[in-house]
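Here are some exercises to work through with the structure open beside you. Try each task before you read its solution.

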Amino acid sequence: RNFASDSPSIDSIAPDPDSYDPSRLQQGETLFNDARNTYQQWLSCATCHPDARADALNWDLGNDGLGSPRNAKSLVLAHDTPPAMITGIRADAQTAVRAGLKFIEFSVRPEEEAVLLDEYLQSVVPVPSPYLNNGSLGTAAENGRLLFEQAECGSCHSGAHYTDMLSYDVGTGRDPGEALDTPALNEVWRTAPYLQDGRAETIIEVLTTSNPDDLHGVTSGLTQEEIKALAEYVLSL
């Protein structure tokens with residue numbers, strides 16, 4: 001049997017361009033993943049932010065000076081938690097989207113495309129953490145929830161998205177005294193490595209070796225079991 005002759009041609013299964021009307025979110029997602037509109041046609045938003053999340057790499061974007069590669073941030077909830085970028089240099093995600101098109105993709109695009117990108121990114125929502133037990137915190141994570149407040153993590157990582165949307169010097173900046181944006185903690189389980197330059201492979205490292213002076217939560221007095229419980233809670237968010 002000639003299966004090739006029985007198969008429909010590409011033309012017969014492709015949508016009619018005159019009748020195909022993708023939703024605005026589909027258009028925005030397509031733009032997010034399409035490199036053809038960039039200057040050299042090799043880079044798209046999804047290059048650094050696959051599925052609107054993070055690629056676990058450091059990128060030198062130039063918005064805070066050349067020679068300062070920063071860990072890619074997840075864009076989930078970015079429009080709900082201004083400012084944007086590691087240092088909070090952009091007032092909000094809308095501004096960051098347009099700056100990204102101009103200064104990262106080196107492309108001047110119609111404003112409508114930026115609006116579509118905004119709408120797509122706003123449609124991406126966090127998924128439940130695999131650290132949850134049937135949607136609830138486990139015993140260790142429950143203990144970690146109490147430690148989260150005891151260690152004063154909640155003083156900055158507050159509210160529905162675990163950020164007060166302010167910037168602080170937590171001792172991990174590129175330069176001494178550099179203030180960094182407080183990131184949302186939703187989906188933090190899937191965004192390793194952590195901190196502005198990805199120096200911490202795990203949340204435990206964030207709480208211990210990367211926090212020697214207790215500037216990023218008062219954790220130096222916690223036992224190993226308490227550190228594990230606190231990390232379990234954070235990873236459950």
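Contact here means heavy atoms within 4.5 Å. Please keep in mind that the model is predicted.

**Exercise 1. Find what Leu230 touches, leaving out residues up to four places away in sequence, and place Leu230 in its core.**

Step 1. Apply the contact cut-off of 4.5 Å between heavy atoms. Leu230 then touches Gly144, Leu147, Phe148, Cys153, Leu207, Thr219 and Leu222, with residues up to four places away in sequence not counted.

Step 2. Turn to the core. The largest nonpolar core has 23 residues, and Leu230 is listed with Phe148, Tyr194 and Ile203 as having the most contacts inside it.

Step 3. Ask which helices supply this core. At least two residues come from each of α7 (139-150), α8 (203-207) and α9 (224-235). The largest share, seven residues, is that of α9.

Step 4. Look for a second core. Another one, of 16 residues, lies apart from the core just described, and its members include Phe32, Val76, Leu77 and Leu117.

**Exercise 2. Describe the chain as a whole: its elements, its extent and its surface.**

Step 1. Count the secondary structure: the chain has nine helices and four strands. Read from the N terminus, their order is α-α-α-α-β-β-α-α-α-β-β-α-α.

Step 2. Take the extent along the principal axes. A box of roughly 70 × 45 × 30 Å holds the C-alpha atoms of the chain.

Step 3. Check burial and contacts. Of the 237 residues, 41% count as buried. Among contacts with a separation of 6 or more, 55% are between residues 24 or more positions apart.

Step 4. Finish with surface and charge. The chain's accessible surface is about 13,300 Å², and carbon and sulfur atoms account for 54% of that surface. There are 15 positive and 36 negative side chains, yet the centres of the two sets lie 3 Å apart.

**Exercise 3. Find the aromatic pairs of the whole structure and say which parts of the chain they tie together.**

Step 1. The search returns two aromatic pairs. A pair of rings is described by the distance of the centres and the angle of the planes.

Step 2. Take Phe32 and Tyr120. Their ring centres are 5.4 Å apart and their planes meet at 55°, a tilted pair. Phe32 belongs to helix α3 (residues 24-33) and Tyr120 to helix α6 (residues 111-123), so this pair ties together parts 88 residues apart in sequence. Phe32 and Tyr120 are both buried.

Step 3. Take Phe148 and Tyr233. Here the centres are 5.3 Å apart and the angle between the planes is 65°, which makes the pair edge-to-face. Because Phe148 is in helix α7 and Tyr233 in helix α9, the pair ties together parts that are 85 residues apart in sequence.

Step 4. Classify the burial of this pair, using the cut-off of under 20% relative accessible area for buried. Phe148 is buried because its relative accessibility is 3%. Tyr233 is buried as well, with 7% relative accessibility.

**Exercise 4. Inspect the backbone for cis peptide bonds and for positive phi outside glycine.**

Step 1. Begin with the cis bonds. One joins Pro82 and Pro83, with omega about 0°. Pro83 sits in the loop between β2 (70-71) and α5 (93-104).

Step 2. Another cis peptide bond joins Ala192 and Pro193, also with omega about 0°. The loop between β4 (180-181) and α8 contains Pro193.

Step 3. Move on to phi. Ala56 is not a glycine, but its phi is positive, about 70°. Ala56 lies in the loop between α4 (45-48) and β1 (58-59), and its relative accessible area of 36% makes it partly exposed.

Step 4. Asn134 has a positive phi too, about 55°, and is not a glycine. Asn134 is in the loop between α6 and α7. With 83% relative accessibility, Asn134 counts as exposed.

**Exercise 5. Is Ser44 buried or exposed, and which residues is Ser44 in contact with beyond four places in sequence?**

Step 1. Locate Ser44 in the loop between α3 and α4.

Step 2. Compare its relative accessible area, 8%, with the cut-off: Ser44 is buried.

Step 3. List the contacts. Once neighbours within four places in sequence are set aside, Ser44 contacts Phe32, Asn33, Asp34, Ala35 and Glu105. Phe32 is also a partner of Tyr120 in the tilted aromatic pair.

Definitions and conventions
Residues are numbered from 1 along each chain as its sequence is written. This is a predicted model: local features need pLDDT of at least 70, side-chain atom pairs count only at pLDDT 80 or more; totals for chains, interfaces and linings use all residues. Side-chain values use heavy atoms; hydrogens and water are left out. A nonpolar core is a set of buried Ala, Val, Leu, Ile, Met, Phe, Trp, Tyr and Cys residues joined through side-chain atoms within 4.5 Å. Buried means under 20% relative accessible area, exposed over 50%, partly exposed in between (1.4 Å probe, protein chains only). Accessible areas come from the Shrake-Rupley method with a 1.4 Å probe; for residues, only the protein chains shown count as cover. Lys and Arg count as positive and Asp and Glu as negative; His and the chain ends are not counted. The place of a charge is taken as NZ of Lys, CZ of Arg, CG of Asp or CD of Glu. Rings of Phe, Tyr and Trp (its six-membered ring) pair if their centres lie within 6.5 Å; planes under 30 degrees apart count as stacked, over 60 as edge-to-face and the rest as tilted.
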